[in-house]
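The following note sets out points for a colleague who wishes to read this model closely. It proceeds from the overall fold to the cores, the helix pairs and two individual residues.

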Amino acid sequence: MTKTWSEIYINREVEKFGSIEAFLNRDWQSIMRKKTKLRHNFFNMILKNANNGKPIIECGSGTGITTSYLSSLGYECYGIDLDQDLVCLSQQLGSVISPQNKPRFYAGDINKLPFDDRFFAVSHSHGVLEHFNDDQIVNMLNEQLRVADKVVFSVPSTYFDANMTDGHVFGDERYLSNKEWSKIIKRCNGTLVSISGDHQRSLKKRILKIIDNPTRLLKPKAFSVFEIQNNK
């Protein structure tokens, strides 16, 4: 039987930390500083496009960690996810990470976003679109391009190591090349502005892997980051 995302995330965190309360009371600022350093191209792309006075939205916000952290930096942030249990967890986490500037989380379908056209500066997602087929991806990207000036998304590349996910793999992921993603994006109502990427391991861990296996020196990045401009 296929598990839901809330079962994968929530049950894993309870098992790891003993309770949801213990999970919520982690040092999230320190954790997110490490995450933003590791995935700096993804976060920098979001922040680069978030400076026009409009809010930011995360489509497929999961536990809400990214949206809550961006809120703690002073941005007006929204998150939407189909899983109501994850939305409830996100709301709790948002109050912990960003109590002075709480993010807004909604339960909803990212194929039909309940917001006006061009309401957001940027819509972003990480580890979401690889779970869908080409037509579904086009529909989701077009809906995000409807409500936002820019779309930024990060997906695992063909060089992603699923063994490092600590239970995050759902089982239906598609590990596509940048060329394949670019082909899908060409079908959307937007223009591909840039492609970058982020590593899956820290620099220290990558160096240790290279020492152990020098052929890994030239291994490309495990995550691809795409930036799309609204054509309208």
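1. Of the 232 residues of the protein, 47% count as buried. The model is a predicted one, and the secondary structure of the protein comprises 9 helices and 7 strands. Among contacts in the protein with a separation of 6 or more, 79% are made by residues 24 or more positions apart.

2. The largest nonpolar core holds 27 residues, and those with the most contacts inside it are Leu129, Leu141, Phe153 and Trp181. Two or more residues of this core are given by each of β1 (56-59), β2 (77-81), α7 (134-147), β5 (148-156), α8 (178-185) and β7 (223-230). The largest share, 6 residues, comes from α7. In soluble globular proteins, nonpolar side chains tend to be buried together.

3. Phe153 deserves a separate entry. Leaving aside neighbours within four places in sequence, Phe153 is in contact with Phe42, Ser125, Leu129, Leu141, Trp181, Ile185, Ser224, Val225, Phe226 and Ile228. Leu129, Leu141 and Trp181, which are among these partners, are listed with Phe153 as the residues with the most contacts inside the largest nonpolar core. Another core, of 25 residues, lies apart from the largest one and includes Ile20, Leu24, Trp28 and Tyr69.

4. How do α7 and α8 cross? Their axes come within 9 Å and cross at roughly 60°, and the two helices are therefore oblique to each other. The crossing in which α7 passes α8 is right-handed. On the α7 side the meeting residues are Asp134, Ile137, Val138 and Leu141, and on the α8 side they are Trp181, Ile184 and Ile185. By class, this contact of α7 with α8 has 6 nonpolar residues, no polar ones and 1 charged.

5. The second helix pair is α5 (residues 65-72) and α6 (residues 84-97), which pack at an angle of about 30° with their axes 9 Å apart. At that angle, α5 is roughly parallel to α6. Here, too, a right-handed crossing is found where α5 passes α6. Ile65, Ser68, Tyr69 and Ser72 in α5 meet Ser90, Leu93, Gly94 and Ile97 in α6. The contact of α5 with α6 divides into 4 nonpolar, 4 polar and no charged residues. Tyr69, one of the α5 residues in this contact, is also named in the core of 25 residues.

6. Is Ser68 buried or exposed? Ser68 is found in helix α5 and counts as buried because its relative accessibility is 0%. Beyond its neighbours within four places in sequence, Ser68 is in contact with Ser90, Leu93, Gly94, Ile97, Ser98, Pro103 and Phe105. Ser90, Leu93, Gly94 and Ile97, among these partners, are the α6 residues that meet α5.

7. Ile20 lies in helix α2 (residues 20-24) and belongs to the core of 25 residues. Its relative accessibility is 18%, so Ile20 counts as buried, the cut-off being under 20%. With neighbours within four places in sequence set aside, Ile20 is in contact with Ile10, Val14, Leu89 and Gln92. Ile20 and Ile10 are 10 residues apart along the chain, and their C-alpha atoms are separated by 7.7 Å.

Methods: Residues numbered from 1 in each chain as written. Predicted model: local features only at pLDDT ≥ 70, side-chain atom pairs only at ≥ 80, totals over all residues. Heavy atoms only, no water. Core = buried A, V, L, I, M, F, W, Y, C linked by side-chain atoms within 4.5 Å. Buried < 20%, exposed > 50% of the residue type's maximum accessible area, 1.4 Å probe, protein only. Helix = DSSP H or I, 4+ residues; strand = E, 2+ residues; numbered from the N terminus. Contact = heavy atoms within 4.5 Å. Axes fitted to C-alpha atoms, helices over the stretch in contact; angles between N-to-C directions. Parallel < 35°, antiparallel > 145°, perpendicular 65-115°, else oblique. Left-handed = near helix turned anticlockwise from the far one by under 90°. Nonpolar A, V, L, I, M, F, W, Y, C, P; charged D, E, K, R; others polar.
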